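Biologist: I am new to this model and would like a close look at one part of it. Please start from a single residue and work outward.

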Amino acid sequence: MTQFIYMFIFAVIYLLSIAVAAGFLTVVERRIAGRMQSRIGPNRVGPQGIVQWIADAVKALQKEDIIPTDAHSFLFKIAPYLVFMGVFLTLVPIPFGAYTLMENLDTGIFYVLAMASFVVIGVMMGGWASNNKWSLLGGMRSAAQMISYEVPAALAVFVVVVMAGTLNFQKIVFSQGASPVDWYVFRNPFAFIAFNIFFIAALAEGNRVPFDIPEAESELVSGYNTEYSGMRFLFFFLAEWGNLVVIGALVSTLFFGGWNFWFEYTLEFSVPGRYPIRFEVLGFLWFLFKVSIFVFIIIWIRWTLPRLRIDQLMDICWKYMVPIGLFASIGILLWMYFVPEKSLADTIMRYSMTSFGGLTILYFFYRVFQNLRVTKAKIYANPFV
Amino acid sequence: MFHSFGPILMQLVLAIGFAGAIVALTAIIGPKKINPVKMDSYECGVDPFADARGAFHVKFFLVAVLFILFDVEAIFVIPWAGSFLAFKKAGLGLFIYLEMAFFMAILLAGYYYILKKGALKWE
């Protein structure tokens with residue numbers, strides 16, 4: 001019984017923190033978007049507008065719940081729940097620390113792939129049930145896009161599973177180390193390809209720009225959620241931003257070492273009693289830092305790139321990403337077969353890839369500062385204006 | 001086995017309960033002023049004509065079928081990948097590797113076929 005109560009309390013905390021994170025992210029995204037377009041963004045409600053999302057939620061709560069007469073009432077009603085569920089359940093097996101996780105599932109990766117499909121079903125159901133031409137188009141496009149991009153995502157995950165030899169997220173974290181040299185991205189070229197494929201596919205599955213064809217505001221009047229109002233609309237909205245957290249968490253767990261921040265972590269440390277609490281807190285913060293970097297990159301991409309056309313989108317998936325994914329998965333098998341871990345070739349590859357990655361980031365910053373110097377643009381670094 | 005899915009069930013019930021409670025709250029707080037125009041589907045301001053659920057392009061169906069093929073492939077391949085290292089340690093690396101190479105070759109042949117057949121053409 002006590003176990004049941006603990007489980008309940010943990011689940012409540014978990015649900016609320018994801019909801020708060022998703023709500024908070026909507027404000028963060030609008031502030032960042034404002035900055036990228038040389039405007040201020042919402043800054044009126046609370047200090048720097050950080051409680052804007054509560055105001056939005058309260059406003060949506062007071063709105064009328066409209067179900068069009070032509071719509072299929074039952075499917076129309078349950079579609080937002082499915083989307084909501086799909087996002088909230090996906091994070092369950094992802095570890096935020098050695099102990100900070102809901103459930104250490106042995107089939108974690110399968111579970112995540114399966115839960116991601118709930119969103120597709122919800123979106124398509126909503127689009128079909130609305131009985132609106134825009135919604136149906138949006139729903140169909142969305143379903144086609146999401147299921148297509150699940151294929152390269154699964155191939156990229158395959159690469160990680162080959163290297164880790166397990167489907168359990170916690171074990172995947174343990175099998176990577178703390179330093180960048182031990183992260184899966186920099187292990188070998190195939191893993192790096194897999195990371196890129198996974199990130200792009202995750203963007204497409206989350207309906208983010210440049211893959212936001214399902215909701216293309218200017219063409220489909222917001223697509224599958226056109227007929228939704230009030231709180232039901234907000235669920236679709238919340239799911240989209242919750243998805244950012246999911247993408248960030250998945251990418252940093254699978255490819256960037258997860259919460260593991262200290263060099264001497266081994267499986268032994270996961271035995272209770274041997275594990276100092278400050279490590280848990282630091283690991284959690286380190287994980288949040290990684291997730292927020294990826295979330296920022298996703299937002300950055302959204303406000304930089306234009307939208308693709310549907311045929312381009314399908315071509316990218318089926319004609320480029322699937323073959324590249326197959327190539328990477330065959331390549332990783334050869335690599336794992338012929339290059340044993342901690343051999344000379346493995347070590348050289350790790351260090352050279354890590355330094356290549358580091359140098360690329362440094363070069364990027366060099367270019368940014370050079371552009372700033374050449375154009376004599378002023379930089380407003382203070383985010384709190 | 002079932003034990004480890006308990007928290008997920010809990011999370012599921014809680015997520016639906018949370019969402020349901022909020023929707024119920026809107027039903028209580030929100031206004032209920034029904035008029036026929038408001039309840040129409042949106043169609044750029046004109047009266048909606050015909051039913052939206054007509055025939056749609058067969059490409060969508062084709063993509064769904066292809067997805068099922070490739071997803072089943074993923075379902076087969078990922079558990080295999082999980083045990084690859086263990087088999088390699090047991091000295092059965094080449095055997096299990098060739099098995100999967102055979103499977104992948106069949107898959108690639110199928111992929112080449114659908115590519116040539118034009119199933120992936122969107123215009």
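Biologist: Where is the place of Trp134(A)?

Modeller: Trp134(A) sits in helix H5 of chain A; helices here are DSSP runs of H or I with at least four residues, strands are runs of E with at least two, and both are numbered from the N terminus. This is a predicted model, in which local features need pLDDT of at least 70 and side-chain atom pairs count only at pLDDT 80 or more, while totals for chains, interfaces and linings use all residues. Residues are numbered from 1 along each chain as its sequence is written, and chains are lettered from A and ligands numbered from 1 in the order in which they are written.

Trp134(A) is buried, because 24 other C-beta atoms lie within 10 Å. The term buried requires 20 or more other C-beta atoms within 10 Å of the residue's own; 12 or fewer makes a residue exposed, anything in between is partly exposed, and the C-beta atoms are placed from the backbone. From Trp134(A) to Gly325(A), 191 residues apart along the chain, the C-alpha separation is 33 Å.

Just before H5(A) comes a loop, between helix H4 (108-129) and helix H5 (133-164) of chain A, and it holds Asn131(A). Asn131(A) is not a glycine, yet its phi is positive, about 55°. Most residues other than glycine have a negative phi. Asn131(A) also counts as buried, because 20 other C-beta atoms lie within 10 Å.

H5(A) matters to the count at the interface: with 13 residues, H5(A) gives the most to the side of chain A that touches chain B. In total, 64 residues of chain A are in contact with 52 residues of chain B, where contact means that two C-beta atoms, placed from the backbone, lie within 7 Å. The helices of chain A that each supply at least two residues to this side are helix H1 (2-36), H3, H4, H5, helix H9 (230-254) and helix H11 (310-338). By class, the side of chain A that touches chain B has 42 nonpolar, ten polar and twelve charged residues. Here Ala, Val, Leu, Ile, Met, Phe, Trp, Tyr, Cys and Pro are nonpolar, Asp, Glu, Lys and Arg are charged, and the others, Gly among them, are polar.

Another contributor to that side, H3(A), covers residues 73-90, and its 18 residues reach 27 Å from first C-alpha to last, close to the 26 Å expected at 1.5 Å a residue; the expected span is 1.5 Å times one less than the number of residues. H3(A) bends by about 25° at Ala79(A), with a proline, Pro80(A), following within four residues. The bend is the angle between axes fitted to the seven residues ending at a residue and the seven starting there. Of the 18 residues of H3(A), 13 are buried, so the helix is mostly covered.

Helix H10(A), residues 277-302, has 26 residues that should span 38 Å at 1.5 Å a residue, and its end C-alpha atoms are 38 Å apart, which agrees. Its buried residues include Phe287(A), Phe294(A) and Ile298(A). The buried residues of H10(A) pack against H1, helix H7 (189-205) and H9 of chain A.

As a whole, chain A has twelve helices and zero strands, and 50% of its 385 residues count as buried. A compact globule with 385 residues would have a radius of gyration near 21 Å, and the 22 Å of chain A agrees; the radius is taken over C-alpha atoms, and the globule rule is 2.2 Å times the number of residues to the power 0.38.

The partner, chain B, has three helices and zero strands. Its radius of gyration is 25 Å, well over the 14 Å that the globule rule gives for 123 residues, so chain B is more spread out than a compact globule. Its C-alpha atoms fill a box of roughly 75 × 45 × 15 Å along the principal axes, and 16% of the 123 residues of chain B count as buried.
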